[in-house]
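Here are my notes on this one, jotted down in the order I went through it. Have the structure open while you read.

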Amino acid sequence: NANTQRAYRHDLVTLARHMGLDTSDQNRAAGLAVDALCTRTPREALALVESFRQSRIDAGLSPAAINRPLSTINSALRHLAKAEFGPGPVDVDGVRLENVNDNRGPDASDVSAVLTRRKKSEKSPAAIRNYAIILLAAQRALRRSEICKLSVGDVDVSRNEMRVFRKGRRTQIAIRISEQTARALSEWL
């Protein structure tokens with residue numbers, strides 16, 4: 001893929017820049033970086049790639065912006081090693097990506113405003129259904145897939161209860177629903 005080749009070339013040019021090589025011609029600079037790595041001993045190549053990694057970390061780049069160039073360098077060295085050329089792949093660990101899940105959801109005032117607008121809007125079957133879906137998602141934090149798997153038999157509006165397949169579970173679990181949600185589901189049904 002042309003975009004992948006361009007990205008890999010950019011990664012090698014960035015390495016060339018780190019090594020202090022001439023990067024005015026990008027195609028040539030990428031080759032110079034690989035050549036310079038291949039003329040080093042495995043220990044020297046490892047130290048160079050580790051210093052490159054640290055410079056990227058110090059620059060505050062994202063894990064992806066650090067790891068892809070490392071992968072590109074190792075891939076190039078691995079292919080050259082098949083022809084018994086160069087130091088072979090270097091064992092430099094990538095930067096671990098820390099998952100940051102924002103589980104807060106919308107503010108209560110935002111949900112309330114959406115619900116008010118939906119309740120006052122048209123009374124078509126789709127609008128009534130959408131209002132019930134918003135309530136299920138907002139009040140019980142049901143995922144889209146969990147809502148889609150619901151059937152009429154899963155809902156007991158008289159007891160304000162429903163049975164749901166929660167994420168990762170093979171059996172349904174019973175959850176309580178508010179009277180407002182029960183009324184909305186009843187209206188929809």
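1. Let's start in the sheet. Val155 sits opposite Met162, a residue of strand 2. Bear in mind throughout that this is a predicted model.

2. That pair belongs to strand 1 and strand 2 (residues 161-164), which run antiparallel to one another and are joined over 2 bridges. Zooming out, the sheet is an open one built from 3 strands, ordered 1-2-3, with antiparallel pairing. Strand 1 (155-156) and strand 3 (173-176) are its edges, each pairing on one side only.

3. Val155 turns up again in the largest pocket, where it is one of the lining residues, along with others including Arg129, Ile147, Ser151 and Trp188. The space in this pocket comes to about 190 Å³. Two elements, helix 6 and helix 8 (179-188), give two or more residues each to the lining.

4. What is the lining made of, by class? It has 10 nonpolar residues, 1 polar and 1 charged. Helix 6 is the top contributor, giving 4 residues.

5. Helix 6 deserves a closer look. It covers residues 125-140, and its length checks out: 16 residues at 1.5 Å each should span 22 Å, and the end C-alpha atoms are indeed 22 Å apart. Right after this helix, Ala141 adopts a positive phi of about 55 degrees.

6. Which residues of helix 6 are buried? They are Ala127, Ile128, Tyr131, Ala132, Leu135 and Leu136. Look at the spacing in that list with this in mind: an α-helix has 3.6 residues a turn, so residues three or four places apart point the same way. Ala132 and Leu136 are also among the residues lining the largest pocket.

7. Now for the largest nonpolar core, which has 23 residues. Leu15, Leu37, Val49 and Ile73 have the most contacts inside it. Helix 1 (2-18), helix 2, helix 3 (42-58) and helix 4 (63-82) each bring at least two residues to this core, and helix 2 has the largest share, with 7.

8. Last, a residue from helix 2 (residues 26-38), namely Asp35. Is Asp35 buried, exposed or partly exposed? Its relative accessibility is 44%, so Asp35 counts as partly exposed, since that class lies between the 20% and 50% cut-offs. Asp35 also has a partner in space from elsewhere in the chain: Gly86 is 51 residues apart from Asp35 in sequence, yet their C-alpha atoms are 8.4 Å apart.

Definitions and conventions
Residues are numbered from 1 along each chain as its sequence is written. This is a predicted model: local features need pLDDT of at least 70, side-chain atom pairs count only at pLDDT 80 or more; totals for chains, interfaces and linings use all residues. Side-chain values use heavy atoms; hydrogens and water are left out. The expected span of a helix is 1.5 Å times one less than its number of residues. Buried means under 20% relative accessible area, exposed over 50%, partly exposed in between (1.4 Å probe, protein chains only). Two strands pair if DSSP finds at least two bridges between them. On a 1 Å grid over the protein atoms alone, a cavity is a set of points where a 1.4 Å probe fits but cannot get out, and a pocket is an open set with protein on both sides within 12 Å along at least five of seven lines; lining residues have an atom within 4 Å of a point. Grid points are joined across faces, edges and corners, and a volume is the space filled by probe spheres set on the points. Ala, Val, Leu, Ile, Met, Phe, Trp, Tyr, Cys and Pro count as nonpolar, Asp, Glu, Lys and Arg as charged, and the others, Gly among them, as polar. A nonpolar core is a set of buried Ala, Val, Leu, Ile, Met, Phe, Trp, Tyr and Cys residues joined through side-chain atoms within 4.5 Å.
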